[in-house]
Amino acid sequence: MNDSRVQASTQKLLELLEELGAYTASGPGVTRLLYTKEWRQAQIFLQQKMVGFGLKVTTDKVGNVYGRLCGRSPEEMVILTGSHIDTVVNGGKYDGAYGIAAAMVALQDLQMNYGQPKRTLEVVSFCEEEGSRFPIAYWGSGHVTERYDGSEAATCKDADGISLQAAMEEFSFLQGVTEGNGARNDIGAFVELHIEQGIILEKTDTQIGVVQGIVGQRRYMVKVSGAANHAGTTPMLMRQDALASAVEMLYVLEGAAKLAGEPLVATSGKLEVHPNTPNVIPGEVLFTLDIRHIEEDDLECFCAKLFSRYYEITAERGVTLEVTPVLHTLPAPMDTKLSTALENICRQQGKTYRTMVSGAGHDAQLFAPRCPTAMIFVPSRSGISHSPEEYTSPKQLAAGLEVLTAMLYELAY
Ligand SMILES: [Zn+2]
């Protein structure tokens with residue numbers, strides 16, 4: 001791409017991001033939760049922009065929005081690119097929105113410079129990914145990939161007791177709703193461009209991250225039960241202290257994770273102590289575990305060893321242990337052919353890049369088991385995301401856009 005073409009595309013991308021960022025419930029940052037007024041306005045804004053960009057607009061029953069650039073060979077599978085329009089509360093204006101805005105600009109640029117593609121290109125704005133309003137994530141891409149069929153909506157409620165079903169009925173209806181439940185079996189490849197939301201690219205002064213895979217995650221709730229008793233009259237050797245036991249377990253967790261090394265990460269982010277009183281020995285402690293790795297076998301092995309050590313601690317201290325699995329997602333490897341193509345594109349464009357693992361979940365992980373899938377990362381300043389402080393410079397955004405555009409050209413032309 002020559003300089004003036006890159007400049008024109010970058011300008012359009014920055015404008016789109018600014019305009020999208022204005023659809024927020026309140027500040028600071030962007031708050032655009034699923035099926036709220038600002039969410040709906042943002043999706044309608046995108047529909048109008050897509051029409052202006054020469055794309056054919058459709059939507060589905062959950063409110064995913066598509067912009068289609070029809071190919072000369074409609075019998076061939078569609079090349080899909082995009083990301084999610086929802087945000088966390090007081091999030092940034094790049095998470096999700098960047099992948100959609102860049103995809104729209106890329107499609108318009110390709111059409112203007114090369115005309116109609118051979119294979120159909122589509123940009124998608126998924127209705128939801130974050131799980132911020134309802135206790136369910138990937139509601140948008142989950143419909144497209146048949147993880148969900150819609151039956152989940154009746155029982156799933158937000159903090160105000162509004163069901164997902166009711167919220168959807170009120171707000172999902174956009175222009176041009178398509179029939180069916182939103183599932184798609186015509187997707188031949190999915191490419192997602194996203195900010196890194198981590199610090200690796202910035203720390204290593206690298207322009208592009210070529211994602212090799214998205215980690216698998218296991219979450220557990222651990223309950224340690226001991227005996228609540230008087231802090232003054234119970235001798236140290238006659239205690240069943242649930243908190244002291246839990247602390248030893250968390251110490252073991254950190255040590256084992258450091259020993260296992262990258263890319264394994266393990267976190268306990270929430271702890272509840274009962275009765276939580278200064279002069280009472282804690283009788284019960286609940287804590288969470290969040291363990292992630294790119295290899296399912298390593299994850300399995302780490303958890304098995306960890307829990308066997310936990311049961312030893314339990315026996316030594318005379319407390320009891322209850323481990324409840326809360327979440328289990330499999331690692332999602334990206335397509336090696338597409339990743340290699342991305343590396344080649346970076347080399348051709350003279351961009352610095354590195355292959356990396358995504359420690360955060362993304363819509364791409366739902367597509368990975370169904371079709372060749374690729375992810376491109378650009379740096380996040382100080383690694384900050386899910387915050388009004390989220391920032392990626394125009395130059396960095398432009399680099400990602402250029403790589404995405406070349407990838408889509410290779411796939412569709
Ligand atoms: Zn995101």
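The following dialogue works through the domains, helices, strands and backbone features of a predicted model.

Reader: Into which domains is the protein chain divided, and how far apart do their C-alpha centres lie?

Author: Domain 1 takes in residues 3–214 + 333–412, whereas domain 2 comprises 216–329. The C-alpha centres of domain 1 and domain 2 are 37 Å apart.

Reader: What should one look for in a helix, and what is the span of α3 from its first C-alpha to its last?

Author: An α-helix has 3.6 residues a turn, so residues three or four places apart point the same way. Length and burial can then be read for each case. Helix α3 (residues 97–114) has 18 residues and reaches 25 Å, close to the 26 Å expected at 1.5 Å a residue. Of those 18 residues, 14 are buried, and α3 is thus described as mostly covered. Helix α11 (residues 394–412) has 19 residues and spans 26 Å, close to the expected 27 Å. Helix α11 is also mostly covered, with 15 of its 19 residues buried.

Reader: At roughly what angle do the axes of α3 and α11 cross, and how is that angle classified?

Author: The axes of α3 and α11 come within 9 Å and cross at roughly 55°. The two helices are therefore oblique to each other. The crossing in which α3 passes α11 is right-handed.

Reader: How does helix α1 lie with respect to α3?

Author: Helix α1 (residues 3–21) and α3 have axes that come within 9 Å and cross at roughly 140°. That angle makes α1 oblique to α3, because only angles over 145 degrees count as roughly antiparallel. The crossing of α1 past α3 is right-handed.

Reader: Which strands pair with β12, and in what sense?

Author: The bridges give both the partner and the direction. Strand β7 (residues 216–225) and strand β12 (residues 284–293) pair in the antiparallel sense over 10 bridges. Within this pairing, Met 221 stands opposite Thr 288 in β12. Strand β9 (residues 265–267) runs antiparallel to β12 and is joined to β12 by three bridges; here Thr 267 has Asp 290 as its bridge partner. Strand β10 (residues 271–274) pairs with β12 over four bridges, again in the antiparallel sense, and His 274 has Glu 284 as its bridge partner. Seven of the 10 residues of β12 are buried, and the strand is mostly covered.

Reader: Over how many bridges does β7 pair with β13?

Author: Strand β7 and strand β13 (residues 320–329) pair over nine bridges in the antiparallel sense. Arg 219 stands opposite Leu 327 in β13.

Reader: Where does Val 62 lie, and is this residue buried or exposed?

Author: Val 62 lies in the loop between β1 (56–59) and β2 (65–69). The residue counts as buried because there are 23 C-beta neighbours inside 10 Å, the cut-off being 20 or more. The C-alpha atoms of Val 62 and Met 168 are separated by 6.8 Å, although the two residues are 106 residues apart along the chain.

Reader: What follows α3, and how is Gln 116 placed?

Author: Just after α3, Gly 115 takes a positive phi of about 75°. Gln 116 is in the loop between α3 and β4 (121–126). With 14 C-beta neighbours inside 10 Å, Gln 116 counts as partly exposed. Gln 116 and Cys 371 are 255 residues apart in sequence, and their C-alpha atoms are 23 Å apart in space.

Reader: Which residues other than glycine have a positive phi?

Author: Most residues other than glycine have a negative phi, and most peptide bonds are trans. Among the exceptions is Glu 146, with phi near 65°, in the loop between α4 (139–144) and α5 (164–171). Glu 146 is partly exposed because 14 other C-beta atoms lie within 10 Å. Asp 205 has a positive phi of about 55° and sits in the loop between α6 (200–203) and β6 (208–214). With 8 C-beta neighbours inside 10 Å, Asp 205 counts as exposed.

Reader: Where are cis peptide bonds found?

Author: A cis peptide bond joins Gly 27 and Pro 28, with omega about -5°; Pro 28 is in the loop between α1 and α2 (37–52). A cis peptide bond also joins Glu 262 and Pro 263, with omega about 5°, and Pro 263 is in the loop between α7 (242–260) and β9.

Key
Residues numbered from 1 in each chain as written. Predicted model: local features only at pLDDT ≥ 70, side-chain atom pairs only at ≥ 80, totals over all residues. Domains from an automatic or database assignment. Expected span 1.5 Å × (residues − 1). Buried ≥ 20, exposed ≤ 12 C-beta atoms within 10 Å, placed from the backbone. Pairing = 2+ DSSP bridges. Axes fitted to C-alpha atoms, helices over the stretch in contact; angles between N-to-C directions. Parallel < 35°, antiparallel > 145°, perpendicular 65-115°, else oblique. Left-handed = near helix turned anticlockwise from the far one by under 90°.
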